[in-house]
Every structure is written in structure tokens, then in C-alpha cells.
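Could you open the model in your viewer and keep the selection tool at hand? We will go from stop to stop, with something to select at each one.

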Amino acid sequence: MKVSIITATFNSAATVLDTLKSVQSQTWQELEHIVVDGASTDDTLRLLEIGKHSGPFVSEPDKGIYDAMNKGLRLATGGIVGFLNADDVYADDGVLSRVVDLMERENLDALY
């Protein structure tokens, strides 16, 4: 099952590389990482390139984090959708694999 992870960013240069690496290191392979940036004026956009972000990406002014999250939801194509903020990381490389396993095994509609 495909997992869509949405990250909203705005002037997140201090942390966005850690977030990218955290998503890229997940063992679950059927994954799209959507980044919605609020037109950052720091090095966020350059770091997304350096960090080899290859998923869907939008950079334009928005009305705040929830507007950015909704933009990401419109782009998401996965059967499971999650949010990872631009200053957060997953606890380990197997988080998404365990999420998918649990959601499928227990036939869950939502998990937090």
C-alpha cells in the first residue's frame, strides 16, 4: 500500500534536511513524500535540492500550516496519508512499515 507523507515547510533550513533523511531512510518502499513550502526566503529550497527530495513539491505563499497541509492532501495519492512536520523525524527506520502492517492487519481507518 502506498503511503503519502506530507511535510509543510516555511523557512525550515535549520531542520528540513533531518526530516528528509528520516523519510528517505524508512524501510517501507511504496512511499511518496510531498513537501509544501510557504515560499521560504531562507535556504529551505536549496536544502530540498541538496537533500535529493524527489517527490511532489509546491512552493508558494499560503495562509499558514493548515492551508499547506490541505494543499498536500490534494496532491496525495497514497492509501495511507500522514504528516511529518519540517522539524520532526521518525523514531526509527521501521515506523512506516509498522504503521502499514497494523493498519492492514486491524483494518483501521485511522491511527495516531
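Which side chain meets that of E32 in a salt bridge? Select E32 and K2: their side chains form this salt bridge, with 3.9 Å from N to O. Please keep in mind along the way that this is a predicted model. The pair links distant parts of the chain, since E32 lies in strand β2 and K2 in the segment before β1, 30 residues apart. Now colour the two by accessibility. E32 counts as buried, at 9% relative accessibility, whereas K2 is partly exposed, with a relative accessible area of 29%.

**The start of the chain**

Next, select M1, which also sits in the segment before β1. Is M1 buried, partly exposed or exposed? With a relative accessible area of 37%, M1 is partly exposed. Show its surroundings and leave aside the neighbours within four places in sequence: M1 is then in contact with W28, E30, G79, I80, V100 and E104. If you like distances, draw one from the C-alpha atom of M1 to that of H33; the two are separated by 14 Å and lie 32 residues apart along the chain.

**Helix α4**

V100, one of the contacts of M1, leads us to the next stop. Select residues 95–105, which make up helix α4. Which residues of this helix are buried? They are V95, L96, V100 and M103. Turn the view to look down the helix axis: these residues cover an arc of only 130 degrees around it, which puts them on the same side of α4. To see what covers them, add strands β1 (3–9), β2 (31–37) and β4 (80–83), which are among the elements that do so. Strand β2 is also where you found E32.

Now move on to what follows the helix. N107 comes after α4, and its phi is positive, near 50 degrees.

**A network of salt bridges**

Stay in this region and select D101, R105 and E106, which are linked in a network of salt bridges. Within that network, the side chains of R105 and E106 meet with 3.6 Å from N to O. R105 is exposed, with a relative accessible area of 53%, while E106 is partly exposed, at 45%.

**From a loop to helix α3**

Which side chain meets that of E60 in a salt bridge? Select K71 and E60 together: here the N to O distance is 2.8 Å. K71 belongs to helix α3 (residues 65–75) and E60 to the loop between β3 (57–59) and α3, so their salt bridge ties together parts that are 11 residues apart in sequence. Compare the accessibility of the two partners as well. K71 is buried, with a relative accessible area of 13%, and E60 counts as partly exposed at 35%. If you want to hunt for others, a search of the whole structure finds 6 salt bridges.

**A nonpolar patch**

For the last stop, switch on the surface and select L73, V81 and F83. What do these residues form on the surface? Together they make a nonpolar patch with about 230 Å² of accessible area. F83 is placed in strand β4, one of the strands that cover the buried residues of α4. F83 itself is partly exposed, with a relative accessible area of 39%.

Methods:
Residues numbered from 1 in each chain as written. Predicted model: local features only at pLDDT ≥ 70, side-chain atom pairs only at ≥ 80, totals over all residues. Heavy atoms only, no water. Buried < 20%, exposed > 50% of the residue type's maximum accessible area, 1.4 Å probe, protein only. Helix = DSSP H or I, 4+ residues; strand = E, 2+ residues; numbered from the N terminus. Arc of directions from axis to C-beta. Contact = heavy atoms within 4.5 Å. Patch = residues over 30% accessible without salt bridge, like charges linked within 9 Å, V, L, I, M, F, W, Y side chains within 5 Å. Areas by Shrake-Rupley, 256 points an atom, 1.4 Å probe, with all protein chains shown as cover. Salt bridge = Lys/Arg side-chain N within 4 Å of Asp/Glu carboxyl O.
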